[in-house]
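Q: Please guide me through this structure, showing how each feature is to be read.

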Amino acid sequence: MDTVLQAALNGLVSGTILALPAIGFTAMFAVLRYPNFAVAAFATLGAYGGWMANAWLGWPVVAALVAAFALAGLVGACIERVALEPLRPAGPLTVAIAAIALNVVIENILRFSFGNDLRGYDLPLARDVHFAGLRIAPQQIENLALALAVMAALFGFLAFTRIGKAMRATADNPDLARLKGIEPRRVELLAVLVGAGLCGVGGMLLGLDTSVDPLTGFRVVLSVFAAAVVGGLGSIPGAVAGALVIGLAEELATLAVAPTYKSAVGFVAILLVLTLRPRGLLGERAY
Amino acid sequence: MSGWANYIVFIIATGGFYALLALSLNLIWGGAGMVNLGLAGFFALGAYASALLTVSAGAPIVAGFVGALVVGAVGGYVVTMSTTRLRGDYLAIVTLGFAETIRLIANNEIWLTRGSDGISGIPGPFRAALGGWFNAAYAAGTVALVVLVWFLLRRLDLSPYGRALRAVREDQQVAQVAGKRILRFKIEAFAISAAIAALAGALYGHFNSYVAPDVFQPLITIYIFLAVAAGGVGRAAGAVLGAYLVIFFLEATRFAAAAIPDLSPVQHAAIREMLVGLALVLVLRWRPQGLLPEHIPPAPRPASTS
């Protein structure tokens with residue numbers, strides 16, 4: 001029983017962190033209408049950005065998180081403007097292929113600069129906290145709180161600010177939004193900035209939990225896609241729900257199969273959802 | 001044979017495997033407008049299917065090739081089944097996940113695949129009889145097979161089936177209104193394409209006599225996308241040309257990167273992979289029709305009555 005509860009707790013923690021890149025991926029999809037497969041690179045960029053701010057400049061975690069957001073977001077916005085936007089007339093799949101190619105480029109720029117060594121954040125070691133027979137690391141509690149704070153800020157941004165509402169309007173109906181005088185290119189660029197930035201924040205939190213190397217983002221990318229698809233591609237609340245489902249399923253699956261099969265759980269979840277309910281938990285339509 | 005001759009033979013054979021993968025991708029990407037981001041997974045599937053059949057089950061090599069074709073087609077069928085009704089983005093995500101899952105299984109089901117050690121001692125056809133000429137003969141056989149597959153795909157392309165497939169690519173709804181069963185077309189095309197990729201994998205295994213999970217990096221998928229895009233999406237001959245161009249590019253950058261002083265091997269590899277990614281983006285942007293653009297014959301004019 002305790003092992004199940006412990007797995008569920010771990011799943012909730014990892015699911016909450018997973019929610020950030022999943023929101024980023026789904027939000028970019030909602031506004032730009034193509035799957036930006038460079039999310040793995042954005043997450044890794046964030047992990048390195050936060051690590052550089054923390055280990056080289058001595059910044060505390062929250063400030064490093066801002067650096068992670070900024071680095072991933074700016075790179076995401078740049079490649080959108082320079083490389084991906086001009087490809088849009090060729091169709092969403094061409095843009096998606098180019099995004100994968102850029103993922104390879106970014107990953108290898110990081111590998112060239114930092115090598116394949118694992119990097120760790122400069123943080124004090126702390127003893128695990130025990131309660132009710134369960135165990136959790138203080139760093140995990142902090143990551144959980146940070147992830148929730150970032151999500152709250154995002155929901156506030158989308159619900160209450162003018163540009164946030166413009167983003168939702170564009171995602172909902174681009175033509176109607178343009179009719180209302182919303183500049184689509186500005187909204188698109190902002191969506192990539194925020195989406196890639198969120199991937200970066202998620203990547204840094206993953207790096208805090210484990211370590212940073214050129215494949216930090218790649219290792220979770222299938223879970224991110226699974227979270228977005230399970231929640232319904234294009235739905236932000238869906239991405240949060242999907243991330244929690246995937247996080248829980250992955251951890252609970254480790255009770256039955258070898259832990260190395262974690263990312264296969266995401267694949268199975270994708271197949272199941274697409275077969276039974278393609279629009280996901282909270283999405284609209286998928287065809 | 002001397003070192004250089006061996007090297008050339010190796011390049012010709014590897015280019016042949018890539019050419020088959022490129023033909024496989026071209027059939028669905030150029031033919032039906034679907035993408036397979038898990039090409040490396042189908043490549044691995046075929047390699048393992050044939051290796052397991054011939055090494056572990058002791059079947060003849062021909063059975064290994066047939067097994068790879070069947071397993072590949074079934075894999076392709078399974079992957080497309082759940083997504084053909086949906087937007088193309090979903091198939092892209094599913095194929096990515098498929099390749100990753102194949103790699104996980106190859107790495108972890110040690111009882112079956114021997115894990116990261118890989119399977120060695122895969123027999124090559126007439127290896128003992130040919131002796132030192134095995135590699136050259138195998139490379140020639142690979143090229144012959146590429147030509148055969150190219151010829152068959154070209155026949156398919158020119159047939160009513162190929163025209164219907166391209167109609168699906170251009171506009172699904174119109175094809176459906178014209179009475180084409182687009183779901184069946186897409187599933188069949190993908191299954192054939194997956195079988196060709198698996199065949200390339202089987203060829204690879206019997207040539208190198210060794211397969212391991214690390215051989216089937218996701219990066220191979222990027223190489224093949226580069227090959228098809230550079231050669232010309234929708235032209236089978238372009239796919240073959242593109243595959244050999246990519247091999248040439250990879251080998252040239254290998255020597256070029258090694259010539260840069262003061263870099264570690266990791267940095268050399270990083271530069272090459274960076275260039276491959278960059279090349280794909282540049283081709284998609286500046287030369288989307290590739291070196292051999294697709295011929296689109298003009299629609300026949302109705303005979304004038306005057």
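Q: How many of the 287 residues in chain A, as a percentage, are buried?
A: A residue is buried if 20 or more other C-beta atoms, placed from the backbone, lie within 10 Å of its own, exposed if 12 or fewer, and partly exposed in between. In chain A, 54% of the 287 residues are buried; in chain B, 49% of the 306 residues count as buried. This is a predicted model, in which local features need pLDDT of at least 70, side-chain atom pairs count only at pLDDT 80 or more, and totals for chains, interfaces and linings use all residues. Residues are numbered from 1 along each chain as its sequence is written, while chains are lettered from A and ligands numbered from 1 in the order in which they are written.

Q: What is the secondary structure of chain A, and which radius of gyration does chain A have?
A: Helices (H or I, at least four residues) and strands (E, at least two) are DSSP runs, numbered from the N terminus. Chain A has eleven helices and two strands. Its radius of gyration, taken over C-alpha atoms, is 18 Å, close to the 19 Å that the globule rule (2.2 Å times the number of residues to the power 0.38) gives for 287 residues, so chain A is as compact as a globular protein of that length. Along the principal axes, its C-alpha trace spans about 55 × 45 × 35 Å.

Q: How many residues does each chain give to the contact?
A: Two residues are in contact if their C-beta atoms, placed from the backbone, lie within 7 Å. Chain A contributes 39 residues and chain B 36 residues. On the side of chain A that touches chain B, the largest share, 15 residues, comes from α4(A). That side divides into 30 nonpolar residues (Ala, Val, Leu, Ile, Met, Phe, Trp, Tyr, Cys and Pro), one charged (Asp, Glu, Lys and Arg) and eight polar (the others, Gly among them).

Q: Which residues of α7(B) are buried, and what do they pack against?
A: An α-helix has 3.6 residues a turn, so residues three or four places apart point the same way. Helix α7 of chain B (residues 134-158) has 25 residues and reaches 36 Å from its first C-alpha to its last, close to the expected 36 Å (1.5 Å times one less than its number of residues). Its buried residues are Y138(B), A139(B), T142(B), V146(B), V149(B), L153(B) and D157(B). These pack against α1 (3-32), α8 (160-170), α10 (182-208) and α12 (236-259) of chain B.
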